[in-house]
Amino acid sequence: MNDDKDITLRSPKMRNLLSEIPPVPLRIGVLVILIIILAIILSLIFLPYPYSGGETIIEHLTASAQ
């Protein structure tokens, strides 16, 4: 059995490189989350509420809260 003899320690430069988050995937991830949130907000504003007289979802929610 090869216990701990085959484990190689990485240099501090390599550990620093592996610990950093790549900026491009991070930006893409943030952009995707913002697009999803924006799509949800737009759907609340523009999509009609089912079984209503044509009012939007946000109109229905604000009218039922009053």
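I looked up P50 to begin with and found its place in the loop between α2 (23-46) and α3 (57-65), where helices (H or I, at least four residues) are DSSP runs numbered from the N terminus. This is a predicted model, in which local features need pLDDT of at least 70, side-chain atom pairs count only at pLDDT 80 or more, and totals for chains, interfaces and linings use all residues. Residues are numbered from 1 along each chain as its sequence is written, and side-chain values use heavy atoms, with hydrogens and water left out.

For P50 I noted a relative accessible area of 48%, so I entered P50 as partly exposed (between buried, under 20%, and exposed, over 50%, with a 1.4 Å probe and protein chains only). I then took the C-alpha separation of P50 and H60, which is 9.9 Å for two residues 10 apart along the chain.

Next I turned to the surface and listed a nonpolar patch of about 820 Å², made by I33, I37, L38, I41, L42, I45, F46, I58 and L61 (residues with over 30% relative accessible area and no salt bridge, nonpolar side chains being joined within 5 Å). Both α2 and α3 supply at least two residues each, but the largest share, 7 residues, comes from α2. I singled out L38 in helix α2, which is partly exposed because its relative accessible area is 48%.

Last, I checked confidence: pLDDT (the predictor's confidence in each residue, from 0 to 100) averages 80 over the chain, and 85% of the residues score at least 70. Among the elements, helix α1 (residues 12-19) has the lowest mean, 76, and α2 the highest, 92.

How values were computed
Patch = residues over 30% accessible without salt bridge, like charges linked within 9 Å, V, L, I, M, F, W, Y side chains within 5 Å. Areas by Shrake-Rupley, 256 points an atom, 1.4 Å probe, with all protein chains shown as cover. Salt bridge = Lys/Arg side-chain N within 4 Å of Asp/Glu carboxyl O.
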